[in-house]
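Trainee: Hey, could you walk me through this one? I'd like to get a feel for how it's put together.

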Amino acid sequence: MKDGSSHIDTGHMCRRFDRAAQHFESADFVHRQAFAGLMERMSPLVIAPKSILDLGAGTGRSSRALAKAYPRSRVMALDLSAGMLRVARKKRSFLSRTAEVRSDALRLPFQSGSFDLVCANLLLPWIDDLAGCLNEVARVLKKGGVFAFATLGPDSFTEVRRAWSLAGSDVAVRVFPAMHDVGDALMRSGLSDPVLDVDLLTVTYKEKAALYRDLDACAVRNCLSQRRPTLTGKDRLGRFENALFGEASGGSLQLTLEMVFGHAWGSG
């Protein structure tokens, strides 16, 4: 994605994830649901990967799950947040076949054709240059290897986007690429036979405090370059909250997430 209004401030994003690392797994419900959907869709594939790359591994929950699902594999957990990787390192067992590396998904520090399986669980929503990221995935993936991912579609956070718009802010939630755009990008990168599908996930909150607590714990705050450089005023925040929770049915806010799942094959 190269829409200027949706560019991520990478430094700001990393600082937020560093601060959130210690409490991330207390509120990573969406990440766990997405990973479960990713693994469910991989289950029909007959693969026995020896080398796995977990892109955007965070605190390593998905890396540990991959190591358990494929016990003969070596798993490389890659993330840009040093804080997240410190937690991941502490959580893995002494005899684990998992290792951590801090790097940018747009510049992977691996030789071409290094991995049998590359997974990206909710990494792509944080990537500006989708084509560049997929080009790197295609490069490090072996011929016949699998790239599996879960990401967000454009119908995600529609309630939050609408509420901020009513509050007078147009740049608060980035626009995520549609499923067919992701599929086209997979093909252009050289990955073959992509299979994608969409599922809707609804997350319900009964109070504002719980919503804000989860957003902070998962570092899901406004990291866009074009965000307002000043603090959100009480009036604007009040208008946002009234717009967001004023439409809540039965006093509960329901946030919609459009989950896009897919996999494709390395063509060498």
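Trainee: Okay, strand β5 (residues 141-152): is it largely enclosed by the rest of the structure or not, and why?

Mentor: Keep in mind that this is a predicted model. Strand β5 is largely enclosed, because nine of its twelve residues are buried.

Trainee: Which sheet order is β5 part of?

Mentor: There's an open sheet of seven strands, and the order goes β3-β2-β1-β4-β5-β7-β6, with mixed pairing. The edges are β3 (98-102) and β6, and each of those pairs on one side only. From one strand to the next, the twist averages 15 degrees.

Trainee: Mixed pairing, hmm. What holds strands together in general?

Mentor: Strands in a sheet pair through backbone hydrogen bonds, and they can do that parallel or antiparallel.

Trainee: So does β5 run parallel or antiparallel to β4?

Mentor: Parallel: β4 (residues 115-121) and β5 pair that way over six bridges. If you want to find the pairing on screen, Leu-117 has Val-146 in β5 as its bridge partner. Cys-119 has Ala-148 in β5 as its bridge partner.

Trainee: And which way does β5 run against β7?

Mentor: Those two are antiparallel, with seven bridges joining β5 to β7 (residues 253-265). Look at Val-146 again: Trp-265 in β7 stands opposite Val-146.

Trainee: Which helix makes a β-α-β unit with β4 and β5?

Mentor: That's helix α5 (residues 130-140), and the unit it makes with β4 and β5 is right-handed.

Trainee: Switching topic. Which residues make the nonpolar surface patch?

Mentor: Met-179, Val-198 and Leu-200 make it, and the patch is about 240 Å². Val-198 sits in strand β6 (residues 192-205), which is one of the edge strands.

Trainee: Is Val-198 buried or partly exposed, and why?

Mentor: Partly exposed, because its relative accessible area is 36%. Buried would need under 20%, and exposed would need over 50%.

Trainee: Last one: which residues of helix α8 are buried?

Mentor: In α8 (residues 208-217), you'll find Ala-210, Leu-211, Tyr-212 and Ala-217 buried.

Trainee: What phi does Ala-219 take, just after α8?

Mentor: Ala-219 takes a positive phi there, about 60 degrees.

Trainee: Nice, I'll go and find those in the viewer.

How values were computed:
Residues are numbered from 1 along each chain as its sequence is written. This is a predicted model: local features need pLDDT of at least 70, side-chain atom pairs count only at pLDDT 80 or more; totals for chains, interfaces and linings use all residues. Side-chain values use heavy atoms; hydrogens and water are left out. Patches are made of residues with over 30% relative accessible area and no salt bridge: like charges are joined within 9 Å, nonpolar side chains (Val, Leu, Ile, Met, Phe, Trp, Tyr) within 5 Å. Accessible areas come from the Shrake-Rupley method with a 1.4 Å probe; for residues, only the protein chains shown count as cover. A salt bridge is a side-chain nitrogen of Lys or Arg within 4 Å of a carboxyl oxygen of Asp or Glu. Helices (H or I, at least four residues) and strands (E, at least two) are DSSP runs, numbered from the N terminus. Buried means under 20% relative accessible area, exposed over 50%, partly exposed in between (1.4 Å probe, protein chains only). Two strands pair if DSSP finds at least two bridges between them. A crossover is right-handed if, with the strands pointing away from the viewer, the path from the first strand over the helix to the second runs clockwise. Axes are lines fitted to C-alpha atoms, for helices over the stretch in contact, and angles run from 0 to 180 degrees between N-to-C directions.
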